[in-house]
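Colleague: Please take me through this model, and set each value against the definition behind it.

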Amino acid sequence: MGAFAYVAPSNLEEALAVLKEHASAGTRAQLLAGGTDLLVQLRSADKTPRTIVDIKKIAETNRIDIGSEEVYIGSAIPSAVLNENTELAALFPGLLEAADLIGSTQIQGRATVGGNLCNASPAGDSIPAMIAAGGVCVIVGAKGTRELPVEDFLTGVGKNALEPGELLLGLKFKRPGPRTADAYLRFIPRTEMDIAVAGCGVSVTLDQNGTCTAARVAIGAVAPTALLVPAAAEALLGSKLDDDALTAAGAACTAASSPISDKRGTVEYRRKVVAVLCRRAAAIARDRAKG
Ligand SMILES: Cc1cc2nc3c(=O)[nH]c(=O)nc-3n(C[C@H](O)[C@H](O)[C@H](O)COP(=O)(O)OP(=O)(O)OC[C@H]3O[C@@H](n4cnc5c(N)ncnc54)[C@H](O)[C@@H]3O)c2cc1C
């Protein structure tokens with residue numbers, strides 16, 4: 001493991017001061033949430049020295065607020081805590097099933113969806129689910145707070161939109177209205193503890209007749225970043241989410257994808273699988289929205 005210093009600020013001001021000091025000096029500071037990506041990378045891929053800034057003692061990163069209009073999930077909340085929250089499970093079943101797929105029970109005791117997002121792996125499981133659920137990043141830095149939709153936060157493989165001195169404070173979601181539900185599915189070659197070959201998150205809203213009035217579809221592991229696929233949502237809108245609409249949405253996901261071939265799957269395979277996952281996730285979201 002490379003050399004590093006460690007600080008655990010007890011509040012946001014202290015954390016921002018540390019980040020500002022490093023940004024001004026041109027030295028490296030890196031945020032630590034659960035550490036399930038960071039510590040692995042420190043041991044192998046990237047051993048260069050840095051100061052690790054642990055965000056777990058900061059109040060704003062440790063809060064879950066479930067309001068009448070909005071839901072906020074702090075960036076230090078581990079997946080295990082999310083998964084045990086029955087109110088969140090009722091509001092965002094897809095997001096929670098994505099969080100529940102990250103690693104094992106042990107990993108979920110530490111891993112956060114904020115860390116999953118900031119790590120910006122194309123295959124990060126919670127990312128398409130957060131995009132489908134309309135997630136917005138709450139980012140804080142020396143200049144104040146700014147917000148960015150999750151789909152705009154990702155700028156490349158392992159890259160995100162944070163500027164030096166900034167951190168992800170948490171994620172905001174509009175509280176889903178009636179007959180709205182989400183779902184997330186991924187495909188992996190093993191039954192668990194593997195990286196997605198493809199993933200798809202879908203959120204739909206139905207009217208009283210079961211017609212789709214709003215939809216968001218996002219895909220993962222089939223492009224350099226997770227992607228929002230507006231054409232897939234278009235294919236669902238105005239339909240009763242019947243087979244034809246689901247097939248058209250799946251085809252739009254295939255068209256939006258630009259995967260690589262690797263030991264887990266070829267380009268052709270991934271492009272087919274993402275369509276299947278879209279059809280199935282949309283059907284699950286539809287059935288959930290019908291209640
Ligand atoms: C055995 C194992 C199995 C895994 N299985 C899966 C899986 O099935 N699916 C999956 O998607 N991932 C998986 N992962 C990867 C990892 O667990 C997830 O990406 C996890 O969600 C990362 O969260 P974390 O809190 O541990 O992030 P950390 O490791 O703490 O941080 C990850 C990156 O994000 C940055 N960061 C973290 N928080 C912030 C913040 N608030 N602001 C700015 N930057 C921040 C860190 O500096 C670092 O670069 C697995 C990892 C292991 C070790």
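Colleague: What phi does Gly291 take, just after α12?

Modeller: Gly291 takes a positive phi of about 80 degrees, just after α12, where the helix label follows the rule that helices (H or I, at least four residues) and strands (E, at least two) are DSSP runs, numbered from the N terminus. This is a predicted model, in which local features need pLDDT of at least 70 and side-chain atom pairs count only at pLDDT 80 or more, whereas totals for chains, interfaces and linings use all residues. Residues are numbered from 1 along each chain as its sequence is written.

Colleague: What span is expected of helix α12, and what does it reach?

Modeller: The expected span is 1.5 Å times one less than the number of residues. For the 24 residues of α12 (residues 267-290) that gives 34 Å, and the helix reaches 35 Å from its first C-alpha to its last, which is close to the expected value. Helix α11 (residues 243-256) has 14 residues and should span 20 Å; its end C-alpha atoms are 20 Å apart, so the two values agree.

Colleague: Which residues of α11 are called buried?

Modeller: A residue is buried if 20 or more other C-beta atoms lie within 10 Å of its own, exposed if 12 or fewer, and partly exposed in between, with C-beta atoms placed from the backbone. In α11, Ala245, Leu246, Ala249, Gly250, Ala252, Cys253, Thr254 and Ala256 are buried. The buried residues of α11 pack against β12 (198-206), β13 (212-220), β14 (227-228), α10 (230-236) and α12.

Colleague: Why is Gly158 called partly exposed?

Modeller: Gly158 has 17 other C-beta atoms within 10 Å, and this count falls between the two cut-offs, so Gly158 is partly exposed. The place of Gly158 is in the loop between β8 and β9 (159-160). Leaving aside residues up to four places away in sequence, Gly158 touches Ala120 and Ser121, where contact requires C-beta atoms, placed from the backbone, within 7 Å.

Colleague: What radius of gyration would a compact globule of 291 residues have?

Modeller: The globule rule is 2.2 Å times the number of residues to the power 0.38, and the radius is taken over C-alpha atoms. The rule gives a value near 19 Å, and the chain has 19 Å, so the chain agrees with a compact globule. Buried residues make up 47% of the 291 residues.

Colleague: Which domains does the domain assignment give?

Modeller: Domain 1 (4-54), domain 2 (59-174) and domain 3 (180-290) are given, with bounds from an automatic or database domain assignment. In all, 25 residues of domain 2 are in contact with 26 residues of domain 3. The side of domain 2 that touches domain 3 has 16 nonpolar, 6 polar and 3 charged residues, where Ala, Val, Leu, Ile, Met, Phe, Trp, Tyr, Cys and Pro count as nonpolar, Asp, Glu, Lys and Arg as charged, and the others, Gly among them, as polar.

Colleague: Why is the ligand said to lie between domain 1 and domain 2?

Modeller: Both domains give residues to the shell around the ligand, so the ligand lies between them. A residue is near the ligand if its C-beta atom, placed from the backbone, lies within 6 Å of it. The shell has 30 residues, the closest being Gly34, Gly103, Gly115, Asn116 and Cys118. Its largest share, 5 residues, comes from α7. By class, the shell divides into 15 nonpolar, 12 polar and 3 charged residues.

Note on methods:
Contact = placed C-beta atoms within 7 Å.
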